[in-house]
Every structure is written in structure tokens, then in C-alpha cells.
Amino acid sequence: MEIHTDHHAPPPLTPKTDPVPPYDKQGDMTDEERVDAAFKGFVKDFGQDVAIHMEACIHCGACAHACHFYQTTEDPQYTPIRKLEPFRKAYQREVGPFAPLMRMLGIDSRPSVEELQEWQHLIYDSCTLCGRCTTICPMGIDIADLVKSARHGMYDAGLVPDRLSKITRNAEAKGSQFGTPEEFIETANAIAAAFNVDIPINKEKADILLTTAPGELEGHHKAFADAGKILNKLGYNWTMSSEAFEATNFGYLSGNRELQKRLTTALIDKAVEIGAHTVLLPECGHAYGAARWEWNLWYEKDVPVKVLHMTEFLDQEVGAGRIKLKPVGNTATFHDPCQIVRRGGLTQAPRRLLKALGIDLIEMKDHGDFGYCCGGGGGALANVRAAPLRHKVFDLKRKQIEDTGAERFITSCGQCRITFERGCQETGWDHPPESLMELVADNMID
Amino acid sequence: MTEPQTVGEMLARKGISRRALLRYAAWVTSIMALPSSMTRAMAQGIADTKRMSVIWLSCQECTACTESLTRSYSPTIDDLIFDFISLDYHEALQAAAGHQAEEARLKAMEDNKDNYVVIVDGSIPLGNMGYSTVAGHANADVLRETAEHALAVVAVGSCATWGGLPKADPNPTGAVSVSQIVRNTPIINISGCPPIPEAMTGTLAHVLAFGQIPELDHLGRPRAFFGNSIHDRCYRRPFYDKGLFAKSFDDEGARKGWCLYELGCKGPVTYNACATLKWNGGASWPVQTGHGCLGCSEPDFWDRGSFYKPLPASTEPLATPLAAGAVAGVAAGALASRAAKTRREILGAMSKPKDAADTTDKT
Amino acid sequence: MELLDFARGPALTIAFAIFAIGVAWRLSSLLFTPRPHRRAEAREGTPSDAKAFVRGVFSRFIPHKTYRDVVFANHLNAYVFHIGLFIVVFLYRPHILFIEGFTGLSWPALPNTLVYGVGLVTVVSLGVALARRMTNPVQKILTTFDDYFSWALTVLPVLTGLLVVNGIGARYETLLALHILSVCALLIWLPFGKLMHTFLFVLSRGVTSVRLSRRGATF
Ligand code: HEM
Ligand code: HEM
Ligand code: SF4
Ligand code: SF4
Ligand code: SF4
């Protein structure tokens, strides 16, 4: 296999397949069954927060002005809260305040299967779960989280974009969308050898369980190697595990709860098993969302394991003086990965790291908690049908990046990187982002 | 000497000049807001009519209406009005009593069939006819009988017009108003407790002069006197608009003549001429004395809570439905959320994948 | 006067009861809805949930500067009619006397004529909101019957109030009765439609603020 030691090398791309079908279906349910499954799937999500948010919208339309899909198309169908229409209908009919009345009167607000299919476009293709809309809504409705919840019912109904579904099934079969444990060991060793880094795998006891993302195994090889390099440099007792290396969670993105649970518990259980106090996530956004902020869904009790994102980890190490950096001295702009910053709370960590690197940060017009999504989050990158929309977002983002006039362009999420790299490839723009972690790895002082 | 045939002749004989009659007509047309061109017609009308036969029936009343009428201070009116009319029956004013008086009433009815006017003060008890009788006849019967061939019935005072204080909750006598007894004869309501004397005399003069009932409002009151609310014409209104209110009867605001709204003035919903005609020959009127309007010319004013309760303060204890509703609502909410939870569990259990935990409300 | 007596008496009593039942029912059924999961461990150094909740409720009153341009006109207008409604309902002497009647509480009022002016501005501002709703493509696609109905029930008391004090169209007590009946309609509808945002904004902002604050993110 070919190992990319050049960190700019793009990962293999999803082939452009046309014509793209307007929607996909999986399984051989009847239409009736699909609607039924979707409804029942939706209903499971109607706990307190969802209920509050389902009832609170005042139809002011502000959310449209935060969403890059509306911003770049000016098409009102992309108004964030509208993406939840079928979900809201299910709420109203099944458990909302007027549900008993509606059922008594026989008002059947179930969407047709056609509507659900149409909504597949809204729930998957045109929402990256970026949460920007959540920050503008005067009612504080967490639309991003609702869209994520709505995907559960869509998954149950077999109405997921095919590519997402394929990746999901792959992950179900092999425990990782990348491949089997053996394939992982083979690739990891090859990368370790090419970069001359020692990557311990399957140690029986370790303090830190390092995880990775398929993007690193498939293309961002340097990132994979650099994580090891940093941990080795720090002298921690760490390991990777061939059974629990997968940090990305397509269960979380596609709406497959079972898979989400399986992938998360694999990491946490393994950490408990080997006595690790920390699960270290790679530079990946939604991995952080799934593992750090939703692991609690699958456990009754607290587990003595901390989940850290690479950026957070590096920030701690640099802050504690365990990593010393030599100044890079360029200007740079930083793309804020939504799941890490706006949804993850790590707004300042990457900025502190950039400062420690002696980099002069020039912020984009919209940045930090209010930065625009790369356009590829929430599974949109894996979704062929979303490509045209994604390109529009790329243009928006590209303009903001160029406007800064910064020399470097840095981010801390592998998925965002791939999105930008693909955008570069498709538009001929020559400014792919660098990995913040790689910059740290490259500039450590011995 | 022959009896004078018309009011004009009668006045001439008494030495009242045509000029004086014109002055009086001018005054009536002005208080009744008739065009001044009507003055001549009115004077002529009065001069040409025969004296009108009037029968005054008193039911459950306090005689204040009569008092008010006889205290009328308008130009020689107390003379005039009795000169214009032939008061053939009035229990309080006439000398005759008992059967003799009854006979006078029956005779007047006979002689002036379809042309006499009945004035009623007081409310009519229906609970027990015995509550108020004259010469052994119940008020209701007398009224029905007398009104049948009358030109018009004039109900004076809030008792006759709306039932009045006798009707106040719990209405022990079963008091009703004239309009609930008299069906086929036109009724003019001159409400007030008591009514303004000029409203009574002016209305009578109008009927006398034109043989017609003046324009009435939806409650059967002459628009001329009941067309505007007290509040519309109140001289304290500028204070209301500025939001300057007296808070007690002896505070700074009260001394400065500020609006009495907060002290319970019912002026905004009371229709009467007090603010323009005033009382006692224009000397003063309630609001001018520093007391809010009681709303005495409006139906049921006696049952609308304290005179000192501000108008918008609800007559109902609204805190009760609020508190009771809140308690009931919380209980309903608890039940509703239980039902919703059960439903969520049932439907959720039917959803696939079966063993996946539900992902509600992740933090 | 009979209509007015009905409005003042049974109508207001029933409206108050339904209002209280509805609001309590909707809020309590939300509060009693279980949150079936433990929350993930909060990031160190983040504010307590209670603090985050309260902070969230208040912080969303003003849009973040990133969005100020796009929502400025809209929010400004919304502020105008909300503040207008507040002034008209709570700083007008007859209304205060009404509230004092059943709560015993009283406070200073604005001059009546000033309140009429505010009422006029409020009506105009509500008109602008309606016009926007009917023309803006985003709002159009979101709008339901509830939005128009709630709008109408909000504007009616202000309109009828202005008619009452200016004696336009009918007699004072007829207009006042209609005014009170329109208020009853508003109170009765409030818990059942979008006007419930009067209360829901607290919960809605609060829970998201808690969720994000625990992560250390800005709400
Ligand atoms: C510019 C707008 C408004 C004006 C000028 C106005 C005027 C008035 C007036 C003059 C009263 C008088 C009461 C009386 O004499 O008894 C009144 C009563 C009342 N108004 Fe308004 N109003 C306005 C708007 C509103 C609004 C928006 C509401 C509520 C949403 C409201 C609720 C009430 C209530 C509950 C009463 C008490 C009813 C009563 O008298 O028993 N008003 N209003
Ligand atoms: C403190 C409580 C309240 C808060 C925080 C609040 C907040 C809001 C917000 C943020 C909006 C959206 C504004 C926009 O489009 O930019 C709104 C709209 C609206 N509010 Fe309120 N509101 C409150 C109370 C009320 C009350 C008491 C009423 C009426 C009785 C009301 C009536 C309306 C109406 C009719 C709209 C929609 C206008 C449209 O059609 O777009 N609100 N409110
Ligand atoms: S989460 Fe992001 S992509 Fe999804 S609707 Fe909101 S702003 Fe748009
Ligand atoms: S911004 Fe919030 S309240 Fe307004 S339409 Fe969107 S979700 Fe609804
Ligand atoms: S005193 Fe009474 S009638 Fe006069 S302005 Fe005040 S409320 Fe109106």
C-alpha cells in the first residue's frame, strides 16, 4: 500500500456518480411500514428537551440566516427548523400537548413516504449538524440536535442516503468503517514504519488509549504517525487497540443508534479493560460529539475514563509545559470545526496552541463559536448527493479564508480537512488546510 | 268664563307673554339639542295644544323623583309645567285621596282616551302584589290598565326605568321596570336616581309641543339628555387624559380637582346630562363636589360593587380562577406527561432496533 | 350594559381559568416529562446548571453581533411591539386598577394619552410584522394558521382598546365589552398556540444553554 508522507496528499475520494437518485432507500419494507417505523423511531426521542424545543418555535425565520445552506442558496426550503417538519408532525400526533385530541379526532398528520423521502434531502444532505442555527434562534432551540435525533427515525425507516448506509453497514460488519482489526494492524504498522514512529498496539495495560479515524489510516498518514510521535515524546504509557481504534461514529451520523452504541462502548470498555484513564480522540469533530458528549447514553453509571480530543489534550500538555514549541512565525487563519468548537466547547484551546506556536492568527469574518461549517460535517461529506450544496458552502468558506490574507490555513478536524481538500481538487484552489496537531508535532523542541 | 281651550290662551290669561313662551321654547330646544329653528315651532306647538292630561302613578318609590321635578329651577318652569299639563292624578301632590282619587284617574282616562300621558315613578313588585297597592289595587294592574290607552308612558327615575334599588340583589319584592309591564304603549325612559328635572320637563315639553316622542337611545332614553357619557363631557377629563388621579378624597390631587377615576367614578359608562345641565339650577353636580359619578342612570348600577371600587376593577374575584386553574393545570400536566411517557414507551418498544437505548436528551 | 357585564363577569372568569389551566398544564407537562439520561460529565470549570440556565435565558435577548445585521430590523420591530404591549398592558392606569382589583398590587402609570400613542405604534409595528410574515419567503414557508390567528388575537385588544378610548364605532361600554372579550380570547388562546412562547422561551433557552454550557461552549 502507498503511504503518503506528504501531509497534503488527499485521501481517496468518493467517486462522483451521476445521475444521483433523488433519495435512497434501504431494506424491503412497504411504504406503510416505512412511515410507521419512522414515526416510532421519532417518538423514542421525545424526551424533555426535545419536547420543549418542539413546542417553542415562533416561526420567526431567523435560523435561516445562520445556516450556510440557506445562505448560499437563498432557498427557503433549507430553513433549519423546517428540516424537522416530519419529526414535528410525529411529536404533535403522538406525545405533544394536543396528541390525544388529534388522535381522538382522527387527524392523521403522518407524512407520506414521499414526503419522508423528500425530507431525506433536508435531514441528511442539507444539514451538517453544525449547530450554527442554534446560536441565532431567539428561542434557543437546538435545531442541530433535533436534526440528529430525527435521523434515528429515518434510519429505522430505511431512508438514509446510500453512501452513509453503506459505510454504516461496513462498520457494523467489521467494527470499523475502515476495516477489520487485522487490516488496521497492517496499515498501522506500515505507517509507523514509513514515518519511523513506534506505535504500540494492543498493550495489555496502558494509561492512554489512542484512537484514530479512517481518514488518517487512508490518507492523512502523517497525522496518524504524528499522534504517536507526540505521545512517545511525552513518555506516556499508551497504546492503540485493534478492537477499539475507530473513533469516528457513523452510527451517530446516520441515525443508527445501535451502531453508535457499539462503537462508543467499544472504546470505553476497552479503556476500562486495559486500565486506561483516558481515551484520546484523533483530530475528528463528530468523534468528539459521540464519544465525549454522548457516551453517557450507554452507561448506567459513571466510568472512570476521560475522553479527550487531541486539541484539548495538546492544549493541556502545552499549558503544563510538558510540550515546548518553537515559533513558526507565520500568519494563519483557523477553521473552527463545529463539533469541537461550537458544539464541543473548545474555542480557546486551538487558539492557545496557535499562540504557543508563535503564529499570528488572523480570524475569518465569522469565526470561533460563530464560524461557518466546512460544509462536509454531519455525514454530508460521505453523501454524494450533497456535493452540489457542499460546493456552494465551499465557495463561501473559501472567500472568508482568502479575505484574511493569511499565509497558512489551519484546522483541527480531519473531516474538515478532507472536505477542504476535496473542494480544492474540484475547484482548483490551492490552499488546503494543515493539521494543527501536525504543526505541533513538527515544532516540538526536544 | 269659559275654560281656556289651549295652553296659549291659558298663558295669555295668566299674563305670560308670547315672548316669555318663546324664551322658554328656546331654552328647551337648546337643552334638547334641537336646531334653534325649532324654537318657533315649539312655542307654537305649545301654544296650540290643549292642556295635556297627565296621570302620575307612583309604585315602589321614594318620592325623590317628584321632589326633583318640583325643584326644577328653569325659567318659571315649576309654574309652567303645571300650567301646560293637567295633572289629573298624583298621589303625592293631589289633595284628593282614596276612591275619590281613583275616580279622577278613571275619568281622565275616559275623557282623554289615547291622548293622555302616564308618568310612572317607582318599580313594580311582582313577587307579591300586596307589597304596593293603591286603593286595594296592585301597582301592576293599575299600570297595565292606565297605560293601555295612553299616548305614551314616561318612566321617570331608575326604579321605573330599570327596577331601581328595590330590584337590588336579592330583589325581595320581585321588582320590575315599567317596560316589563307595559307592552303596547310607547315608553320614554328618563333614568337617574333621581333624574335631572330638566330632562323630565324638557321631554314633556317636547311631547306636548310636537305630539311626538323625542329621539330615544337603545335603552329608550331621550338622546338629548342621555346621548353623551358623563366622562365625555366631564370638566375633569383633561386630568384623566394626563393620568392625574386623586387617590383619596382628601389628598393633594383631590384638592387640585384631579380625575376621580381611581376613587370609583363611573362617568365613563354613565349616560346622563349632569356634566352639562348640572343640578339645582346649574349650581353644581356630583363630580364637581368632589365625588365620583355613581352611574345612577344606568341599569343595575346598584349591583355593580362598591361605588368606590375603580371601574376596571373586576366585580369577580379573579384571583380564584387563576389559582384554581393553575392547580388543576399542574395536575393535568402531570397526567398528560405520564400518558405521553407511556405512549412513548409503547411506541418506542415497537420501534427497531429493539435493544438500542433511546437517545433522548443527551447533553 | 349586559354585554359588558358578561365580559367583566363570566367571560373574564372563564378566560382567567382557562389561561391558568392551559399555561400550568403545558408547562408542567413539559417539566414532568422525564429526561431519561444522565448528562455527560461537564467540562471542568463550567458554570453550574442553574447558573447556565439563567444566563441563557437572558443572554438570548440580544442576538450575537455576528447576526446583528441579518436580524436587526426584525428584532427591532419585535422589540417595539413587545415593549409596546408591555407598556399598554402594565403601565396604563385603568389596567393597573384592574390588576390591583384582584392582586392588590399597584404601581405608577404613564399618562393616558402617551399610552394611546404607544398603542398606535404597537399596532403599526404588529402590522409590519404581519407584512413581513406574508412576504418574506422564509417566514412564508414556516407560517401556519397559528401564526395568523395568534397575530390577530394579539392585535385585537390593542385595536379595540384604542377604539374604546376614542369612542370610535360604538358606545363606550359596547366597545369596552368587545375590548374585554378580545382580551378573553387572547387569554384563552395563549396557552394553546405559539403565544405560549411567552413562557416557553425560558425553558427553551434554558435547556440549550445548560447543554452547551456544560460543554464549555457559548450559548
Ligand atoms: C392601546 C391599547 C389599549 C387601550 C387604550 C386600552 C384601554 C382600556 C380601557 C380604557 C379600559 C377600561 C376600563 C374601564 O373603564 O373599565 C381597559 C380595560 C382593560 N383592558 Fe385595555 N386597552 C388597551 C390594550 C389592552 C391590551 C393589549 C390588553 C391585554 C392584552 C388589555 C386588557 C384590558 C383588561 C383586562 C381590562 C380590564 C377590563 C375591565 O374593565 O374589567 N387592554 N382597557
Ligand atoms: C417575555 C415574554 C416574551 C418574549 C421573550 C417574546 C419573544 C418573542 C420573540 C423573540 C419573537 C420573534 C421576534 C422576531 O420575529 O424577530 C416574538 C414574536 C411574537 N410575539 Fe413574543 N415574546 C414574549 C411575549 C409575548 C406576548 C405576551 C405576546 C402577546 C400576547 C407576544 C406576541 C408575539 C407575536 C404575535 C409574535 C410574532 C410576530 C410575527 O408574526 O412574527 N409575545 N416574541
Ligand atoms: S445545524 Fe448547521 S447545517 Fe444544520 S440546519 Fe443548522 S445551521 Fe444548517
Ligand atoms: S430561529 Fe428558532 S424560533 Fe425562529 S424559526 Fe428558527 S427555530 Fe423557530
Ligand atoms: S371624574 Fe369621572 S367622569 Fe370625570 S373624567 Fe374622571 S372618570 Fe371621567
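This report describes the iron sites, the surroundings of two further ligands, two sheets and one buried cysteine in a predicted model.

Residues are numbered from 1 along each chain as its sequence is written, while chains are lettered from A and ligands numbered from 1 in the order in which they are written. Because the model is predicted, local features need pLDDT of at least 70 and side-chain atom pairs count only at pLDDT 80 or more, whereas totals for chains, interfaces and linings use all residues; side-chain values use heavy atoms, with hydrogens and water left out.

**Iron sites in chain C**

Donors are taken as N, O and S atoms within 2.8 Å of the metal (3.2 Å for Na, K and Ca), and since water is not among the atoms, sites may look incomplete. Six donors count as octahedral if opposite donors are over 155 degrees apart and all others between 65 and 115. The table sets out the two sites.

| Iron atom | Protein donors | Distance | Angles among 6 donor atoms | Site |
|---|---|---|---|---|
| Ligand 1 | His95(C) (NE2), His179(C) (NE2) | 1.9 to 2.0 Å | 84 to 179 degrees | octahedral |
| Ligand 2 | His82(C) (NE2), His197(C) (NE2) | 1.9 Å | 87 to 180 degrees | octahedral |

At the iron atom of ligand 1, the coordinating pair links distant parts of the chain, with His95(C) in helix H4 (residues 93–103) and His179(C) in helix H8 (residues 172–189) of chain C, 84 residues apart. At the iron atom of ligand 2, His82(C) lies in helix H3 (residues 65–90) and His197(C) in helix H9 (residues 197–215) of chain C, so this pair ties together parts that are 115 residues apart in sequence. Helices (H or I, at least four residues) and strands (E, at least two) are DSSP runs, numbered from the N terminus.

Buried means under 20% relative accessible area, exposed over 50%, and partly exposed in between, with a 1.4 Å probe and protein chains only. His95(C) and His179(C) are both buried; His197(C) is buried too, with a relative accessible area of 14%, but His82(C) is partly exposed at 39%.

**Ligands 3 and 4**

A residue is near a molecule if one of its heavy atoms lies within 4 Å of it. Ligand 3 is surrounded by 13 residues, the closest being Cys67(A), Cys127(A), Cys130(A), Gly131(A) and Cys133(A), and its shell divides into 8 nonpolar, 3 polar and 2 charged residues. Ligand 4, which lies between chains A and C, is surrounded by 14 residues, the closest being Cys57(A), Cys60(A), Gly61(A), Cys63(A) and Cys137(A); its shell holds 12 nonpolar, 2 polar and no charged residues. In these counts Ala, Val, Leu, Ile, Met, Phe, Trp, Tyr, Cys and Pro are nonpolar, Asp, Glu, Lys and Arg charged, and the others, Gly among them, polar.

**Sheets and a buried cysteine in chain A**

Two strands pair if DSSP finds at least two bridges between them. One open sheet of 4 strands with parallel pairing runs in the order S2-S1-S3-S4. Strands S2 (238–239) and S4 (306–309) stand at its edges with a single partner strand each, so one side of each is left without a neighbour in the sheet. Within this sheet, S1 (residues 208–210) and S3(A) pair over 3 bridges, and Leu210(A) stands opposite Leu280(A). Another open, parallel sheet of 4 strands has the order S6-S5-S7-S8.

Cys284(A) is found in the loop between strand S3 (278–281) and helix H14 (285–294), and is buried, with a relative accessible area of 2%. Beyond its neighbours within four places in sequence, its contacts (heavy atoms within 4.5 Å) include Thr248(A), His309(A) and Cys413(A).

Key:
Four donors count as tetrahedral if all angles lie between 85 and 135 degrees; four count as square planar and six as octahedral if opposite donors are over 155 degrees apart and all others between 65 and 115; anything else is irregular.
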